[in-house]
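Please open the model in your viewer and keep the selection panel at hand. The tour below goes from stop to stop, saying what to select and what is to be found there.

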Amino acid sequence: MRSKLEIIFISISFIFTTFLFIIIGSLFVIPSPQGFVESLFSNEMMSALKITLSTSILAAFFVMLVAVPTAYSLSRYQFPLKSLVKSILDLPMAFPEIVLGIALLMILGDQFLGNFLESIGINIVFTTAGIIIAQFFVALPYAVRILYSTFNYVNPRFEFVSRSLGYGEFETFKNITLPLAKGGIFASSVVTLARCIGTFAAVLLVGGGTYLKTETLPIAIYYNLSLGNIDNAITAAILLVLISFVAIFVLEKYAYQNIEGMG
Amino acid sequence: MCMFLEVRNLSVDLGQFHLDNVSLNLEKNDYLVIIGPTGSGKSVLLETIAGFFSPDDGQIFLEGNEITNLTPENRGISIVYQDYVLFPHMNVFDNIAYGLKKKTNDKDIIESKVKNIAKLLKIDHLLHRNPETLSGGEKQRAAIARSLIVEPKILLMDEPFAALDVNTHSYLTSLIKNVIIQHQTTCIHVSHNFNDVYNLAEHVAVMKDGKILQQGTLHDVFSRPSHNYVADFVGVHNVFQGKIVAHDKSLLKIEISPELIIFSSDDFVHESKEVMVAIRPESIIFSNERFVSSVRNQLKGVVKNMFEVGHTVWIEVQVKDVMFKGVLTPNSCQSLEIKKEKEIYLSFKSLNVNLMDCYE
């Protein structure tokens, strides 16, 4: 016999999950099948898909490369200005990504770093490199946040025991910490990839959203909607939903398998 | 001759836990049990000796060589924790072999050594199992095997039996004792349990608030506590503040209340006349009448309270304004017809009246 509280809470979760499902599912019902197929195989959509996936995978890779040592140092070591570092890393999660986009445009554009990079022949703004940099900075705080919790969850005594048995810091990190944190690292990778794929405003500002060159799927939705090409906009949205669905499915299936026993 | 392990004036501040000027000596093959209340710094002391925390002050010497700034992997000191800390992504065999693999690549040697130690600790049938599927006692034996297989110079054990049931605890205590004797391992064992002290310790140290209050043989610490806190912690129960009022050769006359004088032949030397007095409950003999004997202290009191604890009866007797606590068997209690408000005599030798520092 379920309690009243149980019934109320389960009902709320069901009602709003159903709403969400209907909202997402409507994307798949509204366009005509013919319009969807035409849009899907159009140059613009294929290019946007390719640019989105390639830049996101590269950006997510770089994010993980930086986020793992950053999160580990925040979790394990004491150092000056640690609280400030943590706050700065959390900051981009608190303000709209367009703010980060403007800041990146300022620093990589005609001023400061941009001029220097241009003088040595490197162009960031309005290129795919710009997209990757925007995705990197938008996704980094999320990855660090997840990995920080993951490393906090790994009992430091595992590392102490390994060290006492003759293994150095790096060997212990490789043999013990990383395998114990692999669930969290995997979850962080998937969330980072999803965040990179979904980045819009920062990528639009820094990448420029040039047709067939720096136009990603979220930008494709925005442009096509602005121009009244509803089929194209919805097709891009469906592609994003499908990519996200695969990412979440993989996350649910594999990420939490190794969480137990970490404490 | 230098000590095997010498900890000199070690101070560590980890915020919540700290060590304050801790000194400790240990001889080779010694078994030291450190006891003390939760939060007294016992685990921090072990982890600092192992090299996981850098001391703010002080030095650590092992076999005469300073190891204070040596990394943990270069100290040859293994550690076993209460919560086992078996690596969950390795089976029992790989857990035990982990440290050995750092020393040798020879698979035959690794396999033979792992099987030997597993047999000694009676876990040889569990080697293929995942640690999560083992019982608490099995996990702890695997953790101890993993630490012993690398033949550490010192084995540190942080409450290794605390999470185990009484039967497993008792079984493991004797098993571990044999294995440690066979391996000739020097041990420091942190425990809350006095059975560990009685069954395993050659030396005992009592810690409180990051300080070692007393270190000595089992007999010294339990029979002759040097601080009132140690006396209380090791169960002396009768601990009173007193004043030395006379000193006659080896006999001290101590006033523990304005109307109550007792005698002690403790060789305690202290500049102040203010002392703490400790008398173990089992040192007090009860009788219905005063008797002629060599016993220096015979006091008349009134039974104020009595209660059974297991197979013993504890009685509280008020002498003047001081309450003494004694213990006897139910048979003795019956034959003396002890009951509340009955007058009774307490006798105890001056030898059993220990004097010590006052610890605030």
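A polar contact, a term needed at several stops, is a pair of N or O atoms within 3.5 Å, where within protein one atom must be able to donate a hydrogen and the other to accept it, and where residues adjacent in sequence count only if both atoms are side-chain atoms. This is a predicted model, in which local features need pLDDT of at least 70 and side-chain atom pairs count only at pLDDT 80 or more, while totals for chains, interfaces and linings use all residues. Residues are numbered from 1 along each chain as its sequence is written, chains are lettered from A and ligands numbered from 1 in the order in which they are written, and side-chain values use heavy atoms, with hydrogens and water left out.

**Stop 1: chain A**

Select chain A and show it as a cartoon: it has 13 helices and 0 strands, where helices (H or I, at least four residues) and strands (E, at least two) are DSSP runs numbered from the N terminus. The C-alpha trace of chain A spans about 70 × 65 × 30 Å along its principal axes.

**Stop 2: where chain B meets chain A**

Now add chain B and select the residues in contact (heavy atoms within 4.5 Å), which number 26 in chain B and 19 in chain A. The two chains bury about 2,000 Å² between them, 65% of it on carbon and sulfur atoms; buried area here is the accessible area (1.4 Å probe) that two parts lose on being put together, summed over both. On the chain B side, pick out Glu73(B), Tyr98(B) and Lys102(B), which supply 31% of the area that chain B buries against chain A, more than any other three residues.

Keep Glu73(B) selected and add Arg163(A), since the side chains of these two residues meet in a salt bridge (2.7 Å, N to O). A salt bridge is a side-chain nitrogen of Lys or Arg within 4 Å of a carboxyl oxygen of Asp or Glu, and between chain B and chain A the count is 5. Across the interface there are also 7 residue pairs in polar contact, both residues being at pLDDT 80 or more.

To see which elements of chain B take part, colour strand 6 (77-81), helix 2 (92-103) and helix 4 (136-148), each of which supplies at least two residues of the side that touches chain A.

**Stop 3: a run of strands in chain B**

Select strand 1 (residues 5-13) and strand 4 (residues 57-62) of chain B, which run antiparallel and are joined by 5 bridges; two strands pair if DSSP finds at least two bridges between them. Within this pairing, the bridge partner of Arg8(B) is Gln59(B) in strand 4.

Strand 4 of chain B is also joined by 2 bridges to strand 5 (residues 65-66), again antiparallel, and Phe61(B) stands opposite Glu66(B) in strand 5. In the hairpin of these two strands, with 2 residues between them, Glu63(B) takes a positive phi near 50°.

**Stop 4: the two domains of chain B**

Colour domain 1 (5-223) and domain 2 (228-356) of chain B separately, the bounds coming from an automatic or database domain assignment. Their centres, taken over C-alpha atoms, are separated by 38 Å. How many residues of each domain are in contact with the other? Domain 1 of chain B gives 11 residues and domain 2 of chain B gives 7.

The area buried between the two domains is about 810 Å², of which carbon and sulfur atoms give 73%. In domain 1 of chain B, Phe194(B), Phe222(B) and Ser223(B) lose the most area to domain 2, together 42% of what that side buries. Between these domains the count is 0 salt bridges and 1 residue pair in polar contact, both residues at pLDDT 80 or more.
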